[in-house]
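The report below concerns one protein chain, its sheet and its helix packing. The sequence and the structure come before the description.

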Amino acid sequence: MKHRKLAVAACRTIDEDATRVLRALKQASHGHVSANDPIMEHLKQCPEAYKVGEILGKAFDSLKYAQDGSEIGDRYLPPSGVVIPPLV
Amino acid sequence: MIGLPLDVTFPGLKGIRWRYCTRWDEGPAAVVGMSLLRLAICRPNDWSGSAVDFVARGFGRFCSQNRAVDVKRVWVGDLRITDSLFELTDQERNQVEAERECVTDHLYLVGDYEAAASIPIGATLARLEAEHLLLPAAFYVVLTTNLYKWMRVYDYFDAQEHAEMWMEDLSDEESEVSVYRKVDAEIPACIKARAKRLKYRRARNLLGEIQPRTGVGRELIRHLLEMDAHGQGHAHAWPGHISESEVPGIDDWLTDAENSRPGCLITWYENDAINACFDEEAQHMGENGPCQPNVALPIRLDQPTKDLDERVRRAFDHAGAMLQSLASAAKIVELIRDLYDEYLREHRLESGLPVEPGAAGVREEQL
């Protein structure tokens, strides 16, 4: 009896999860940003975190395409003193 | 030398995906993702907030369950879900996305090979001939018929065609000493006499009837019958099979594209005449346009749910059969390479000659 109840509860959770994901996918198929996207949640709570992406993006671009006479292998770090907000 | 500590704090990135995509990618992936969830190929816990990531996780698990690890031991290529039939560079992709006015209404399941796997089959055929006179031809016919379901195979037929074309321009003296002449001369008697006349069904029955005495003979046949069973009911999904009504513009694209790159090269032994013809052809592959992928199954996204699910299910059935079949084929190729190694060791005249079979990437120089 107990096992049956547990099984029913597990099925319900799986169905609920599937429905939730289907809903999020449907939103994404219409071009809407998912409210369940963890990174969007982080960005909402900490807008400064955009800077992290910006700095890292530039660093990676520089590594990929050496620019202005710079050479691949140079160090790319933000200026000393910059505090990049945590994104955890 | 230890420098001064930098006054910079980097964030700890936890629970963040490594892949982020534009909405051009997310929309189509979400449509396929819903279908994969309904078909239980994707699971709710695959969801990380991105539709592309969701599909990638489900697809990755599907491939693992269908022995992708075994496949990779021999076959160098990929199976991917993509919005383009041919590979694009970053620059080309950016250009396509900049010009795109709406989200794509098609995705494709595409299978392609970066290199042709080397299959030096001569020593294996000799072993099989010792078991039964008809066994080499039966083995060759069933193996190539099954490989053709998933890839373009380059073997002595292709080499003969290439040789005939080039010999037309040679004088009799030149032709006599050319490598092209050797293509025909090097075909083993057991194949030349029987392989062309032996039909697949008869060859398949022979494999079931003949009981090899040696362990390696039994292993080869067991894996080949296994490969054959996985491929039952499947035909090669060439891009040429896609109709203009299914994908508008496909005919123009196919006209401009070149033939697929072969997924394997079947030689009698390495660096033989077939290998020489292949090397000549490989130098010019892709020069006059993009090469067609070996496998392409379109998935039209703007159709009723039931039809979409059926299309996706069929595409994944095909992918599963292809992986399972190529996993068995990988075992066969490994046995063939072992037998070739053994042959080289036994017939080595000079010490220091390499006995390892060449890398699968025999076409690497032109990629």
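What follows describes the chain as a whole, then a sheet, and then two helix pairs.

The model is predicted, and the description is confined to chain B. Its secondary structure consists of 15 helices and six strands. Of the 367 residues in chain B, 52% are buried, and the accessible surface of the chain comes to about 18400 Å², with 51% of that area belonging to carbon and sulfur atoms. Among the contacts in chain B with a separation of 6 or more, 79% are accounted for by residues 24 or more positions apart.

Strands of a sheet pair through backbone hydrogen bonds, in either a parallel or an antiparallel manner. In chain B, three strands form an open sheet in the order β1-β2-β6, and the pairing is antiparallel. The edge strands, each of which pairs on one side only, are β1 (77-82) and β6 (295-300) of chain B. On average, and with direction ignored, neighbouring strands of this sheet are turned by 10° against each other. Strand β2 (residues 106-113) of chain B pairs with β6(B) in the antiparallel sense over six bridges, and the bridge partner of L107(B) in β6(B) is I299(B).

Two packed helices are described by the angle between their axes and by the distance between the axes. The table gives both values for two pairs.

| Helix pair | Angle | Axis distance |
|---|---|---|
| α12 (residues 215-231) and α15 (residues 305-347) of chain B | about 160° | 8 Å |
| α6 (residues 135-147) and α11 (residues 200-209) of chain B | about 120° | 8 Å |

Which orientation follows for the second pair? With an angle of about 120°, α6(B) is therefore oblique to α11(B). The crossing in which α6(B) passes α11(B) is left-handed. The contact involves L135(B), A138(B), F139(B), V141(B), V142(B), T145(B) and N146(B) on the side of α6(B), and Y200(B), A203(B), R204(B), L206(B) and L207(B) on the side of α11(B).

For the first pair, the angle of about 160° lies over the limit of 145 degrees, and α12(B) and α15(B) are therefore roughly antiparallel to each other. Their crossing is left-handed. From α12(B), the residues making the contact include V216(B), L220(B), H223(B), L224(B) and M227(B), while those from α15(B) include A321(B), S325(B), S328(B), I332(B), L335(B) and L339(B). Charged residue names also appear in this contact, among them E219(B) and E226(B) of α12(B) and K331(B) of α15(B).

Definitions and conventions. Residues are numbered from 1 along each chain as its sequence is written. Chains are lettered from A and ligands numbered from 1 in the order in which they are written. This is a predicted model: local features need pLDDT of at least 70, side-chain atom pairs count only at pLDDT 80 or more; totals for chains, interfaces and linings use all residues. Side-chain values use heavy atoms; hydrogens and water are left out. Helices (H or I, at least four residues) and strands (E, at least two) are DSSP runs, numbered from the N terminus. Buried means under 20% relative accessible area, exposed over 50%, partly exposed in between (1.4 Å probe, protein chains only). Contact means heavy atoms within 4.5 Å. Accessible areas come from the Shrake-Rupley method with a 1.4 Å probe; for residues, only the protein chains shown count as cover. Two strands pair if DSSP finds at least two bridges between them. Axes are lines fitted to C-alpha atoms, for helices over the stretch in contact, and angles run from 0 to 180 degrees between N-to-C directions. Angles under 35 degrees count as roughly parallel, over 145 as roughly antiparallel, 65 to 115 as roughly perpendicular and the rest as oblique. A crossing is left-handed if the near helix is turned anticlockwise from the far one by less than a right angle, and right-handed if clockwise.
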